Amino acid sequence: MAGQRLAGKVALITGATGGIGTATAELFAREGARLMITDVAEAPLRKLARRIETLGAEVAAARLDVSSAAQWDDVTRIVRERFGALHVLVNLAGIVDWPGIEDTPEDAWDRVIDVNQKGTWLGMKATMPLLRASGNASVINTSSVLGLIGSGSAAAYQASKGAVRLLSKTAAVEYARQGVRVNSVHPGVIATPMIQEILDRQGDRQPDVRRTPMRRAGRADEVAPAYLFLACDDSSFVTGSELVIDGGLTAH
């Protein structure tokens with residue numbers, strides 16, 4: 001029934017206090033999910049957990065640096081002990097760095113790869129036994145339009161998001177007969193805290209906004225329904241796919 005597409009499902013969301021993460025967590029809560037929300041920002045995480053509780057959803061929250069295998073093991077243990085199952089993994093945690101090839105310091109490269117690429121792999125690795133045990137699970141990995149096309153900058157970010165795209169595809173093939181679907185979401189220019197300063201400064205003059213046929217940035221609440229579709233049983237025959245939400249940016 002409408003409003004309960006995730007009834008009976010347990011979902012783990014990383015990067016939950018970011019713009020898309022918050023919108024997704026709240027939408028999942030309204031659709032009946034029991035939630036494990038994580039982030040490195042603890043105070044905003046606690047605030048989000050309280051807000052989700054007002055929606056009537058069961059929620060647990062824990063700090064998680066997605067680049068740490070030990071912290072992933074801790075969070076997975078919490079999920080097992082608190083909920084007893086896991087049906088949906090949403091890998092949303094990510095960071096961006098804008099320099100190109102020559103201007104990217106090695107330590108900055110490593111940090112972006114650790115969070116965006118390694119963190120996605122570690123999440124699947126740690127939670128896959130629970131996901132497989134559910135018999136009907138969905139993994140939703142967050143790439144970007146910059147995991148599909150080049151921009152001439154953001155070398156580490158683009159490398160990481162391109163890797164997430166193919167990591168998702170190979171995982172989709174590996175687990176297709178084990179009850180786990182794996183897909184990637186590719187947002188375009190979305191007004192989130194990650195790029196809000198740039199949008200505030202440049203507005204409609206921002207180059208990627210100007211290249212977007214709709215001539216505007218998207219909103220987090222326009223992206224969250226994509227995660228809902230991939231999380232629920234409406235997408236039961238969808239795996240290894242790329243869901244692009246970009247206002248037409250990659251259409252030309």
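A crossing of two helices is called right-handed if the near helix is turned clockwise from the far one by less than a right angle. The legends below apply this term to a predicted model.

**View 1. Packing of helix 4 against helix 5 in the predicted model.** Helix 4 spans residues 106–134, and helix 5 covers residues 155–175. Their axes lie 8 Å apart and meet at an angle of about 20°. Angles under 35 degrees count as roughly parallel, and helix 4 and helix 5 are therefore roughly parallel to each other. The crossing in which helix 4 passes helix 5 is right-handed.

**View 2. The cavity and its lining.** A search of the whole structure returns 1 cavity of 30 Å³ or more. The volume of the largest cavity is about 30 Å³. Its lining is formed by Thr-14, Val-66, Asn-91, Ala-93, Val-115, Gly-119 and Thr-120. By residue class, this lining comprises 3 nonpolar and 4 polar residues, with no charged ones.

**View 3. Contribution of helix 4 to the cavity lining.** Helix 4 supplies 3 residues, the largest share of the lining of the largest cavity. Helix 4 also takes part in the packing with helix 5 shown in View 1.

**View 4. The span annotated in UniProt as a ketoreductase domain.** An unreviewed UniProt entry places the feature "domain: Ketoreductase" at residues 9–193. Within this span, 49% is helix and 18% is strand. The C-alpha atoms at the two ends of residues 9–193 are 29 Å apart.

Note on methods
Residues are numbered from 1 along each chain as its sequence is written. This is a predicted model: local features need pLDDT of at least 70, side-chain atom pairs count only at pLDDT 80 or more; totals for chains, interfaces and linings use all residues. Side-chain values use heavy atoms; hydrogens and water are left out. UniProt positions are given in the numbering used here, feature names are shortened, and annotations may be inferred rather than shown by experiment. Helices (H or I, at least four residues) and strands (E, at least two) are DSSP runs, numbered from the N terminus. On a 1 Å grid over the protein atoms alone, a cavity is a set of points where a 1.4 Å probe fits but cannot get out, and a pocket is an open set with protein on both sides within 12 Å along at least five of seven lines; lining residues have an atom within 4 Å of a point. Grid points are joined across faces, edges and corners, and a volume is the space filled by probe spheres set on the points. Ala, Val, Leu, Ile, Met, Phe, Trp, Tyr, Cys and Pro count as nonpolar, Asp, Glu, Lys and Arg as charged, and the others, Gly among them, as polar. Axes are lines fitted to C-alpha atoms, for helices over the stretch in contact, and angles run from 0 to 180 degrees between N-to-C directions. Angles under 35 degrees count as roughly parallel, over 145 as roughly antiparallel, 65 to 115 as roughly perpendicular and the rest as oblique.
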